[in-house]
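Visitor: I would like to go through this model with you and ask, at each step, what a term rests on. Could we start with the place where the chains meet?

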Number of protein chains: 2
Amino acid sequence: MTQSPIEGFVAVVPAGGVGSRLWPLSQPERPKFLLDLLGSGSSLLQETLERLAPLTPDVVVVTGVAHAEAVLAQAPGLTASNVLAEPSPRDSMAAIALAAAVVEHRYGQRVIGSFAADHVIQNPGAFREAVRTAVGSALEGYVVTIGVEPTEPSTAFGYIDIGDPLTPGVSLVNQFTEKPDGETASRMLERGGFAWNAGMFVVRTDVLLGKLAALQPGIESGVRRIAAAWDTPDREAVLAEVWPTLTRIAIDHAIAEPGAAQGGVSVVRAEFGWRDIGDFAPLADVLDADADGVVRVACEADVRVFGSDGVVAIGVTKPLSVVGIDGAVVVETADALLVTTRSSAQLVKDAATEPSATPS
Amino acid sequence: MTQSPIEGFVAVVPAGGVGSRLWPLSQPERPKFLLDLLGSGSSLLQETLERLAPLTPDVVVVTGVAHAEAVLAQAPGLTASNVLAEPSPRDSMAAIALAAAVVEHRYGQRVIGSFAADHVIQNPGAFREAVRTAVGSALEGYVVTIGVEPTEPSTAFGYIDIGDPLTPGVSLVNQFTEKPDGETASRMLERGGFAWNAGMFVVRTDVLLGKLAALQPGIESGVRRIAAAWDTPDREAVLAEVWPTLTRIAIDHAIAEPGAAQGGVSVVRAEFGWRDIGDFAPLADVLDADADGVVRVACEADVRVFGSDGVVAIGVTKPLSVVGIDGAVVVETADALLVTTRSSAQLVKDAATEPSATPS
């Protein structure tokens with residue numbers, strides 16, 4: 001019965017990060033996960049929640065205080081108690097540990113799965129199958145990650161070095177590797193036995209908090225104190241006291257890497273069209289081009305191209321002509337106009353972060 | 001007394017041509033010569049008239065009927081009788097011959113000098129000196145052209161092959177050559193004795209019309225008929241009958257080239273920062289860049305560049321960031337947005353001429 005919800009499973013959705021390489025679409029006050037980046041009518045957060053809905057009715061979103069209201073506005077199915085607002089960003093370990101501690105304090109031991117609010121998944125059915133398999137391995141006590149079958153020697157992601165098989169669809173993780181250079185990535189793909197680390201973790205709350213108690217005891221005791229106060233009038237006071245003391249560390253470094261060394265991390269290999277849309281180049285790749293080769297998103301105005309292959313136009317409000325620039329990317333918002341190319345899209349964060357100034 | 005007007009000299013200013021490689025600034029209803037292309041506060045036509053004013057109070061502008069009103073509005077010093085409106089474009093020979101015939105019919109024999117309304121001249125004093133020298137040669141019966149000292153092996157202009165000296169500053173023209181390829185242009189510059197053909201001609205009206213009677217008798221008799229009727233109630237009727245019959249030919253082919261073969265064409269060599277601003281690349285070259293390397297014209301909004309050298313921004317109304325495109329050219333008008341590069345600027349005419357259509 002793979003279509004029914006998974007008993008005792010809670011989905012955790014960390015919703016953080018501005019996505020500054022998608023500026024000016026993304027801005028601190030409208031981060032990437034709140035955007036309808038694909039022009040589908042739904043934000044990435046909404047698509048994430050929709051994708052998880054068949055797996056469980058229980059979803060917890062962890063986001064910054066500045067965005068809690070916007071998250072609730074976009075997700076009418078969520079109650080305020082299911083949106084955990086962080087007073088300040090303290091990286092992914094604190095966020096996920098907080099969710100785990102609140103879930104366990106409220107409901108007792110559960111399996112949680114953590115899935116970022118700003119990823120794109122083209123085949124949600126295959127994704128959910130992978131999660132179901134992962135929950136099975138988590139129930140056995142593993143920290144389970146989902147390893148995405150690499151389709152190219154990408155240097156944008158970390159890789160999972162896959163070890164011995166455990167159960168059907170599940171293997172041990174030998175180790176995690178940092179983002180490789182191109183040559184290393186090509187060698188890994190040739191050799192096989194590697195998957196992209198999509199940053200998805202499925203784990204029993206007691207396993208997560210137990211490992212944390214051993215590896216990052218300050219975080220473990222801190223989130224347990226906060227969780228105990230969360231649904232009481234003391235929440236703000238305890239948060240104000242404890243939250244700023246939590247170590248800033250990613251879950252990969254805090255739990256996954258040391259856990260793998262101890263044989264406690266497993267991986268479910270899957271292929272479901274996963275994309276981390278870091279900048280306009282991968283965004284253009286997942287969108288369909290029109291007959292003239294132009295990718296158009298939310299363009300009110302006519303877009304014409306001359307001697308320009310693979311143009312991307314987003315939000316354009318005035319008739320636009322692109323002449324002689326392959327891969328040109330033109331993005332218009334209410335307050336900014338960006339002109340770049342797919343191959344320069346990584347540099348866009350410079351425009352996002354440098355303060356505006358008119359030369360004298 | 002080189003500062004006083006030249007006795008008996010009439011300046012003729014052909015004001016035609018849309019300048020479609022400067023689209024969307026230039027459009028059929030607002031051709032290049034009516035534009036303040038340099039952001040100086042004056043249109044190219046106004047700068048042309050201002051440049052000629054110290055040479056003569058007598059100026060005749062030849063333009064299309066659609067633009068006669070705009071020309072008068074921009075040039076309050078002109079009277080309506082000094083704006084000759086062509087019912088349709090019939091190339092430069094018909095336009096200049098019409099002006100010559102009207103001038104001679106009104107005032108008797110004069111020297112006319114023809115100077116396009118859309119050229120840029122950075123040193124007007126040197127230009128006027130060259131014209132004064134040219135008038136002297138024209139009075140001796142020559143068709144005089146002004147040859148611009150080449151500063152680079154340009155393939156955008158025709159060249160003048162300079163022959164024996166005639167008088168100080170004036171030489172015979174051996175022949176005119178079409179726009180050369182790059183190799184030929186380089187060879188000509190190495191060898192020396194060549195000048196750019198800037199399309200400027202100074203000639204006595206009787207010499208011009210006399211040569212025309214021999215070489216293009218249909219044009220000669222036609223413009224004389226029209227000129228006789230111009231200041232009478234018959235103008236429109238005669239124009240309607242005769243104008244459409246005039247051969248479409250450039251003055252270069254009609255008079256200058258065959259005249260040179262007969263030894264009747266002279267050249268004044270000069271250097272006065274002449275530029276025929278054909279597209280956005282030469283436009284950018286004549287404009288001053290700001291400290292950040294950006295050429296800004298009439299930009300209401302902030303323009304920032306990242307990893308982009310030599311950017312040109314014209315008329316931009318919304319804060320613009322250009323990321324990773326060297327030589328990017330961004331032009332905004334009330335009805336269009338153009339994104340191109342200096343090196344692709346020649347292709348802009350495709351955008352100007354292709355009808356707009358949204359792909360289905």
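Guide: In this predicted model, 32 residues of chain B are in contact with 32 residues of chain A, where contact requires that the C-beta atoms of two residues, placed from the backbone, lie within 7 Å. Because the model is predicted, local features need pLDDT of at least 70 and side-chain atom pairs count only at pLDDT 80 or more, whereas totals for chains, interfaces and linings use all residues. Residues are numbered from 1 along each chain as its sequence is written, and chains are lettered from A and ligands numbered from 1 in the order in which they are written.

Visitor: Which element gives the most to the side of chain B that touches chain A?

Guide: That is β17(B), with five residues; strands here are DSSP runs of E of at least two residues, and helices are runs of H or I of at least four, numbered from the N terminus. The residues on this side of chain B divide into 17 nonpolar, eight polar and seven charged, with Ala, Val, Leu, Ile, Met, Phe, Trp, Tyr, Cys and Pro counted as nonpolar, Asp, Glu, Lys and Arg as charged, and the others, Gly among them, as polar.

Visitor: How do you know that β17 of chain A pairs with β15(B)?

Guide: Pairing asks for at least two bridges found by DSSP between two strands, and three bridges join β17 (residues 337–341) of chain A to β15(B), running parallel. A:Leu337 stands opposite B:Leu320, and A:Leu338 has B:Ser321 as its bridge partner. The open sheet of six strands has the order β12(A)-β14(A)-β16(A)-β17(A)-β15(B)-β13(B), with mixed pairing.

Visitor: What makes β12 of chain A and β13 of chain B edge strands?

Guide: Each has a single partner strand, so one side of each is left without a neighbour in the sheet.

Visitor: Why is the relation between the chains called a two-fold axis?

Guide: Superposed by least squares on the C-alpha atoms of residues with pLDDT of at least 70 in both copies, chain B falls on chain A after a rotation of 180° with 0.1 Å of shift along the axis, at an RMSD of 0.1 Å. That is therefore the relation of a two-fold axis.

Visitor: Why are α3(A) and α7(A) called oblique?

Guide: Their axes come within 8 Å and cross at roughly 50°. Angles under 35 degrees count as roughly parallel, over 145 as roughly antiparallel, 65 to 115 as roughly perpendicular and the rest as oblique, and α3(A) and α7(A) are therefore oblique to each other.

Technical notes: Axes are lines fitted to C-alpha atoms, for helices over the stretch in contact, and angles run from 0 to 180 degrees between N-to-C directions.
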